Amino acid sequence: MWEDYKVQQYTDDKEEQWDRFVEEDCVNGTFLQTRRFLNYHPVGRFEDCSYMIFDKKGNLAAVCPACQVTENGEKVFYSHKGSTFGGILISHRYYSLEKVLDIIESIEKEAGNQRFNRMILKITPDLFCEESGDLLQYALYYRKYKVYNELNLVIDYASYKEDILSNFSQGKRTHVHNCEKQDCSLKELLDDEEIIQGHHILSENLAKYDLKPVHTGEELLNLKNNVIKNEIGFFGVYLDKKMIAFSTMFYFNKARVAHSQYISASQEYNALSPMTYMYYCMIEEMKKRGFDKLSWGITTEHLGLEINMGLTKSKEAFGSRYCLNQIYEKML
């Protein structure tokens with residue numbers, strides 16, 4: 001029964017317990033839901049309302065990283081916007097249908113008591129989980145959540161041909177060969193100044209769409225130097241000692257999945273297509289590092305209701321496969 005669980009608001013004195021749970025004890029936690037990652041954001045950017053769910057004996061059964069947002073005048077309990085996904089993270093010991101249903105109900109009751117009008121949960125995709133998320137997905141469906149699907153494209157090395165270029169479309173292969181003829185080369189970026197230079201390329205690339213990067217250059221350096229040293233990497237493509245493309249990679253080491261957070265190229269070199277060469281280099285590099293899959297991220301917008309067809313086709317042309325990121329919504 002849901003009354004068997006006690007929901008408490010997260011407080012900073014629980015940081016160590018929270019992180020140990022996320023990294024060691026739950027079926028669907030990643031470093032993106034640790035407090036060391038969530039708390040690197042500047043104070044005041046998000047109004048944290050995360051929950052910790054304990055059983056009657058005081059054992060931590062689940063956590064739910066979340067922040068409070070206001071949408072159309074409604075108070076919304078929203079999966080923490082400081083992370084790409086999260087939702088409800090559940091301990092191995094409590095990952096059974098009855099317990100998961102009770103945990104979800106206990107969270108809903110507490111959110112209702114705090115006068116939230118709606119819940120929006122962006123759950124961890126199966127791609128990054130230790131166990132299949134089917135049980136949690138069904139439990140949320142059973143509890144009358146509406147589901148939205150975002151399309152994510154992935155390189156799956158298990159089904160990928162050994163010769164990387166043979167997986168590419170003819171156009172992509174041509175772009176790679178042209179870059180090789182110009183002696184383009186890949187370099188892992190370890191120096192802070194190089195990373196800031198790469199961030200400038202990213203910012204200029206997004207500016208043409210009137211967008212800004214999610215992370216500032218200083219935030220990327222903080223992640224690299226202090227927060228997730230072993231879970232982040234930076235790469236540049238160089239032409240004549242000049243960086244012309246940039247990529248940030250997140251490493252989900254337990255799941256053996258690498259994820260591209262940003263890939264961008266200098267518009268000055270569009271005719272050469274250094275972006276394609278960076279994709280090629282990342283596929284090759286992550287394979288060398290022993291990852292099983294390489295995630296490119298979603299190609300849909302507005303809860304998956306709109307498709308960026310150009311981006312989808314471009315990523316398909318590298319021989320990508322498909323998986324879903326799921327978002328669950330419920331009125332309270």
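1. Let's start inside this predicted model. The structure holds one cavity of 30 Å³ or more. The volume of the largest cavity comes to about 50 Å³. If you would like to find this spot on the screen, select the residues that line the largest cavity: Val27, Asn28, Tyr95, Ile123, Thr124, Cys129, Ser132, Gly133 and Leu136. Sorted by class, that lining has five nonpolar residues, four polar ones and no charged residues.

2. Next, have a look at a pocket. The second largest pocket contains about 290 Å³ of space. Its lining is made up of 14 residues, and Arg35, Asn39, Val43, Phe46 and Asp48 are the ones that lie nearest the centre of the pocket. How many charged residues does the lining of the second largest pocket have? There are four, together with five nonpolar and five polar residues.

3. Now zoom out to the whole chain. Its secondary structure comes to nine helices and 16 strands. The radius of gyration is 21 Å, close to the 20 Å that the globule rule gives for 332 residues, so the protein chain is as compact as a globular protein of that length. Along its principal axes, the C-alpha trace spans about 65 × 40 × 40 Å.

4. A few totals help to fill in this picture. Of the 332 residues in the protein chain, 53% are buried. Among contacts with a separation of 6 or more, 73% are between residues 24 or more positions apart. The protein chain exposes about 15600 Å², and carbon and sulfur atoms supply 48% of that area.

5. Glu329 is a good residue to click on. You will find Glu329 in strand S16, which covers residues 321–331. Is Glu329 buried or exposed? Glu329 counts as buried because its relative accessibility is 17%, and the cut-off for buried is under 20%. Leaving aside residues up to four places away in sequence, Glu329 touches Arg118, Met119, Ile120, Tyr145, Lys146 and Tyr148. You can also compare Glu329 with Gly87: they are 242 residues apart along the chain, while their C-alpha atoms are separated by 11 Å.

6. Two residues deserve a check of their backbone angles. Arg256 is not a glycine, although it has a positive phi of about 60°. Arg256 sits in the loop between strand S11 (242–252) and strand S12 (257–265). With a relative accessibility of 26%, Arg256 counts as partly exposed. Ser273 is not a glycine either, and has a positive phi of about 60°. Where is Ser273 placed? Ser273 lies in the loop between S12 and helix H8 (274–288). Ser273 has a relative accessibility of 12%, so it counts as buried.

7. Finally, step into helix H8, where Met275 has its place. The relative accessible area of Met275 is 25%, so this residue is partly exposed. Which residues does Met275 touch, not counting those up to four places away in sequence? They are Asn205, Ile263, Ser264 and Ala265. Take Ser264 as one of these partners: Met275 and Ser264 are eleven residues apart in sequence, and their C-alpha atoms are 6.2 Å apart in space.

Notes. Residues numbered from 1 in each chain as written. Predicted model: local features only at pLDDT ≥ 70, side-chain atom pairs only at ≥ 80, totals over all residues. Heavy atoms only, no water. 1 Å grid on protein atoms, 1.4 Å probe; cavity = no way out; pocket = protein on both sides within 12 Å on 5 of 7 lines; lining within 4 Å. Points joined across faces, edges and corners; volume = space filled by probe spheres on them. Nonpolar A, V, L, I, M, F, W, Y, C, P; charged D, E, K, R; others polar. Helix = DSSP H or I, 4+ residues; strand = E, 2+ residues; numbered from the N terminus. Rg over C-alpha atoms; globule rule 2.2 N^0.38 Å. Buried < 20%, exposed > 50% of the residue type's maximum accessible area, 1.4 Å probe, protein only. Contact = heavy atoms within 4.5 Å. Areas by Shrake-Rupley, 256 points an atom, 1.4 Å probe, with all protein chains shown as cover.
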